[in-house]
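Q: I would like a close look at one part of this protein. Please pick out a strand and its surroundings, and walk me through the side chains there.

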Amino acid sequence: MFRIGLIINPAAGIGGKLGWKGSDHPEFYPIKAQEAILQKEPQRKTEETFQIVKEGLEGEDFLVLTGSGTMGEDLCQKLDIAYQIVYVAPMCTQASDTALTAKRLVEEEVDLIVFAGGDGTARDLLDEVTDQVVVLGIPAGVKMHSSVFAVNPSNAARMILDFVHGALRDRLAEVMDINEDLLKDDVLEARLYGYLRVPDDITCVQRTKVGRQGGEQEKAKQIAQYIADNLIDDAIYIIAPGSTTGEIMKILGLDYTLLGVDVVQCGELLAKDVNESDLLRIVESVQAIYVIITIIGGQGFLFGRGNQQISAKVLGKISKENIKIICTPQKIVDLRGRPIRVDTGSKKVDEMLRGYHRIIVGYDEDYVYQVK
């Protein structure tokens, strides 16, 4: 019998649409409990994964070991999957509950641990799991710099099935995280915390986020100058997070949020560090609206990583032609032919975004590249 450990962090990712830069701080726990009940994003993504796993393992003998309630039990009951509770969780879970569940799963000698969360959740697993058990993350957090996550829920399911059937070996992957306290001052500090073993499938696992490399600064300024010189009067521009988009705000002489979303109109700052609700109000009242966004270095993600404020609901009200993608040429080179990725949580919106896009890589310079 194949034994799969399952840990769902019910509050993972709630900070994204709310405009937070993460969801780790204890003072947010009461808010987390309320928001997790409303959004159920980690459960939704895990359900998508395990629905495929259940169908793929039909007729085979497997058992899911998990925590009570929202940490996994509810989902197993909904999908009618055989399960065993190894940890009884409180209604409002904390980091310690993730760690304790992971500890119990290691003691139970499961064959694979699947968790839904972000970098903070991966760190919670790190001390208890180390490299004893192979793990796989279903991407459901705000911060996902680590290379322990599948590209999306369906890819997670594919990897689980391949691993169960012995088609994948494993390898060590980085667990990264950023300091949320420093983000208050727009200081981005990422560090390596350790390694976890993951199924070895480079097509389905995201890479570690890579920061701007030497020599790219001048190219980023050229891109920013081109965007600034071609802003349309009266149009509203949603400026996504990132150092490259930040160069636009510097040229315009505007205050901005390094890892937040800002809104500009007529060369002036209309709103700073907005959340999903703010953006929905804006797109409902304005027709000429654009999104300026850059891809994440190394990972190649466009939407769904670190910019959840620009959600599927928001993107559903913006035309594909009004999404302006910018990045330095080195980011394209680093993709090594892999497509740019989207993971908005909506299949309809992901499908709308797919295809070939113009990528601005310099002053009036562009590539045509595939988004998938």
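A: What follows starts with strand β7 and then moves to the parts around it.

Keep in mind that this is a predicted model. First, the setting. The chain has 14 helices and 16 strands. Of its 372 residues, 56% count as buried. Many contacts reach far along the sequence: among those between residues at least 6 apart, 70% join residues at least 24 apart. The chain exposes about 15,700 Å². Carbon and sulfur atoms supply 48% of that area.

Now to the strand. β7 covers residues 190-199. Take Y195, which lies in this strand. Is Y195 buried, partly exposed or exposed? Y195 is partly exposed, because its relative accessible area is 40% and the partly exposed class runs between 20% and 50%. Y195 also belongs to a surface patch. Its partners in that nonpolar patch are L172 and L192. Together the three have about 270 Å² of accessible area.

Next, the charges on this strand. R197 pairs with D170 in a salt bridge. Their closest N and O atoms are 3.0 Å apart. R197 sits in strand β7 and D170 in strand β6, residues 170-178, so the bridge ties together parts that are 27 residues apart in sequence. Both ends are partly exposed. R197 has 26% relative accessibility, and D170 has 33%.

A second bridge joins D200 and R171, with the closest N and O atoms 3.3 Å apart. D200 is in the loop between β7 and α9, while R171 is in strand β6. The two are 29 residues apart. Here too the ends are partly exposed: D200 has a relative accessible area of 35%, and R171 one of 23%.

One more contact involves an arginine and a ring. R123 lies over the face of Y193, at 3.8 Å from the ring centre. Elsewhere, R305 has its charged end over the ring of F301, 3.9 Å from the centre.

Helix α6 is the next stop. It spans residues 119-129. Which of its residues are buried? They are D119, G120, T121, A122, L125, L126 and V129. The spacing of such residues can be read against helix geometry. An α-helix has 3.6 residues a turn, so residues three or four places apart point the same way. What covers the buried residues of α6 includes β6 and β7. Also among the covering elements are β1 (2-8), α5 (95-107), β4 (112-117) and β5 (135-139). Just after α6, T130 takes a positive phi of about 45°.

Helix α5 supplies a useful probe of this region. T98 is in α5. T98 counts as buried because its relative accessible area is 3%, under the 20% limit. Leaving aside neighbours within four places in sequence, T98 is in contact with I7, M71, T121, D124 and L125. T121 and L125 are listed among the buried residues of α6.

Now step back to pairs in other parts of the chain. By the salt-bridge rule the count comes to 18. Side chains of opposite charge can pair when their charged atoms come close. R358 and D366 form one such bridge, at 3.2 Å from N to O. R358 is partly exposed, at 37% relative accessibility. D366 is partly exposed as well, with a relative accessible area of 35%. Some bridges share partners: R3, R104, E107 and E108 are joined into one network that way.

Aromatic rings pair too. The count comes to 4 aromatic pairs. In one of them, Y226 and Y363 have ring centres 5.2 Å apart. Their planes meet at 80°, so the pair is edge-to-face. The pair links distant parts of the chain, 137 residues apart. Y226 is in helix α9, residues 217-229. Y363 is in the loop between β15 (355-362) and β16 (365-371). Y226 is buried, with a relative accessible area of 13%. Y363, by contrast, is partly exposed, with 40%.

To return to the strand: Y195 in β7 contributes to the nonpolar patch, R197 in β7 bridges to D170 in β6, and β7 is among the elements that cover the buried residues of α6.

Key: Residues numbered from 1 in each chain as written. Heavy atoms only, no water. Patch = residues over 30% accessible without salt bridge, like charges linked within 9 Å, V, L, I, M, F, W, Y side chains within 5 Å. Areas by Shrake-Rupley, 256 points an atom, 1.4 Å probe, with all protein chains shown as cover. Salt bridge = Lys/Arg side-chain N within 4 Å of Asp/Glu carboxyl O. Helix = DSSP H or I, 4+ residues; strand = E, 2+ residues; numbered from the N terminus. Buried < 20%, exposed > 50% of the residue type's maximum accessible area, 1.4 Å probe, protein only. Phe/Tyr/Trp six-rings, centres within 6.5 Å; stacked < 30°, edge-to-face > 60°. Lys NZ or Arg CZ within 6 Å of the ring centre and 35° of its normal. Contact = heavy atoms within 4.5 Å.
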